[in-house]
Structure formats: structure tokens, C-alpha cells
Amino acid sequence: MRQGPEIWIRGPVAAPEPPDRGPAAPETPRGPAPAEAPGISWTGVHGGAGVTTLAGVFGGQDCGRGWPGPGDPSSVLLVARTHAAGLTAVGRAVEEFRLGRVPAGVGLDSVVLVADAPGRLPRPLAQRVRLLESAVDVHRVPWVPAWRLDGTHEGPPRGTESLVRRTRRVR
């Protein structure tokens, strides 16, 4: 009788404990904190949101799925796709800002929703977008077929003028 892969038999394996390195040395002052970089930081709320593409097209710091680091712009544009999972993830991230559960000094500028497919959104997703728009500034980015072939050199797509103004205002 076959029982399945070994992990099914043994169960998950816990991550190893990090080695004890003793007490951490106190940080020594290195002068004034680095000045905040001008501009904006793009932070994706899920994988495949399009952060790298948007940072390449509109400018700004690509933070991947992390928060801005020291010296990065502290003004964050949260990025999500317009599918159900993306809208759920961005809703959670906006709530984290509302509850103050983000790193000190990081501020939510707005949300950027990138189309997950060409065409109009299904009604349930459009309703969720309207709800999000009632809570925070939202910029919409349409489906851009050329981006699938790395056509980011063509510049911002039509319909993103408010996002262009926003990103250029801080340069």
C-alpha cells in the first residue's frame, strides 16, 4: 500500500533554531540618520502585482513586497492586481496602515490597482474597488499587452494621468 510522499508520513519539519551568537553589541552612533530620499516607494501586497514594471515605467523605488528601507522614500504606493486575491490583500494592507501596524515613518500615499486581465471588471470586483476608493486614493492601471513582452520603454499607458502627476510631483 502506497502512503504518499515522505512529508505526508512525517509531517512538516520545523525550521532550525538560529545559533546563539551571544548578546548583540550596542549600535554606535554613525552621525545623523540618512535623509529620506525624494520620491515614492512601490510595495506589492502579493506576488506578481507588477511593482517592478510600475517602478520602471513611472519611476520611484521598487521595494518588492517589503517596506521601504533606510534612505528609501517613506511614502508608499501599495500595488495589487484587480483579481479577488489582490483586492483582498490590498484591503488587509490598508487596514494595517489604519491600525498603525506598519514601520514607523512609513506613510500610505495611495493604492495602485493593476488590471489582471483585459476588459471590464466583473461586478463583484468592481464593487470591491469602489469600496476601496471610498477609503483611500486609488489609481487604476489598465491591461497593457506590451508589458508582457517588456514594452515598458513606451512610457505610461493612457488612462494613468493621475498616477503620472502623482509620481512626477515628488521627483
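Reader: In what order do the elements of the protein chain run from the N terminus on?
Author: Heads-up: this is a predicted model, where local features need pLDDT of at least 70, side-chain atom pairs count only at pLDDT 80 or more, and totals for chains, interfaces and linings use all residues. Residues are numbered from 1 along each chain as its sequence is written, and side-chain values use heavy atoms, leaving out hydrogens and water. Helices (H or I, at least four residues) and strands (E, at least two) are DSSP runs numbered from the N terminus, and the protein chain has five of each. Read from the N terminus, the order is α-β-α-β-β-α-β-α-β-α.

Reader: What percentage of the residues in the protein chain is buried?
Author: A residue counts as buried under 20% relative accessible area, as exposed over 50%, and as partly exposed in between (1.4 Å probe, protein chains only). Across the 171 residues of the protein chain, the buried share is 36%.

Reader: And how much of the exposed area do carbon and sulfur atoms supply?
Author: Areas here come from the Shrake-Rupley method with a 1.4 Å probe, and for residues only the protein chains shown count as cover. The protein chain exposes about 11300 Å², and the share from carbon and sulfur is 54%.

Reader: What share of the contacts with a separation of 6 or more comes from residues 24 or more positions apart?
Author: A contact means heavy atoms within 4.5 Å. Take those in the protein chain with a separation of 6 or more, and pairs 24 or more positions apart account for 67%.

Reader: On to pockets: which strands give two or more residues to the lining of the largest pocket?
Author: On a 1 Å grid over the protein atoms alone, a pocket is an open set of points with protein on both sides within 12 Å along at least five of seven lines, and lining residues have an atom within 4 Å of a point. The largest pocket holds about 210 Å³ of space, a volume being the space filled by probe spheres set on grid points joined across faces, edges and corners. Of its 16 lining residues, Thr82, Ala115, Ala117, Gly119 and Leu121 are the closest to its centre. The elements that give two or more residues are S4 (107–114) and S5 (138–141).

Reader: How many residues of that lining are nonpolar?
Author: Ala, Val, Leu, Ile, Met, Phe, Trp, Tyr, Cys and Pro count as nonpolar, Asp, Glu, Lys and Arg as charged, and the others, Gly among them, as polar. For the largest pocket, the lining has three charged residues, two polar ones, and a nonpolar count of 11.

Reader: Which helix gives the largest share of the lining of the second largest pocket?
Author: The second largest pocket has a volume of about 180 Å³. Its lining includes Leu87, Val90 and Gly91, along with Arg128 and Val129. Helices H3 (84–98) and H4 (123–133) each give two or more residues. The largest share, six residues, comes from H3.

Reader: Back to Thr82: is it buried or exposed, and which residue's side chain makes a polar contact with it?
Author: Thr82 sits in the loop between S3 (75–81) and H3 and counts as buried, because its relative accessibility is 3%. Leaving aside neighbours within four places in sequence, its contacts include Leu87, Leu113 and Leu125. A polar contact is a pair of N or O atoms within 3.5 Å; within protein, one must be able to donate a hydrogen and the other to accept it, and residues adjacent in sequence count only if both atoms are side-chain atoms. For Thr82, a 2.6 Å polar contact leads to the side chain of Asp116.

Reader: Which side chain makes a polar contact with Ser110?
Author: Ser110 is found in strand S4 and is buried, because its relative accessible area is 1%. Residues it touches beyond four places in sequence include Val76, Leu78 and His139. The polar contact, at 2.9 Å, joins its side chain to that of Asp109.

Reader: Why does Arg158 count as exposed?
Author: Arg158 has its place in the loop between S5 and helix H5 (161–169). It counts as exposed because its relative accessible area is 76%.

Reader: Last one: how far apart are the C-alpha atoms of Ala55 and Ile40?
Author: Ala55 lies in helix H2, and it is one of the buried residues there, with Val51, Leu54, Val57 and Phe58. It touches Trp42, Gly60 and Asp62, not counting residues up to four places away in sequence. Ala55 and Ile40 are 15 residues apart in sequence, and their C-alpha separation is 9.2 Å.

Methods
1 Å grid on protein atoms, 1.4 Å probe; cavity = no way out; pocket = protein on both sides within 12 Å on 5 of 7 lines; lining within 4 Å.
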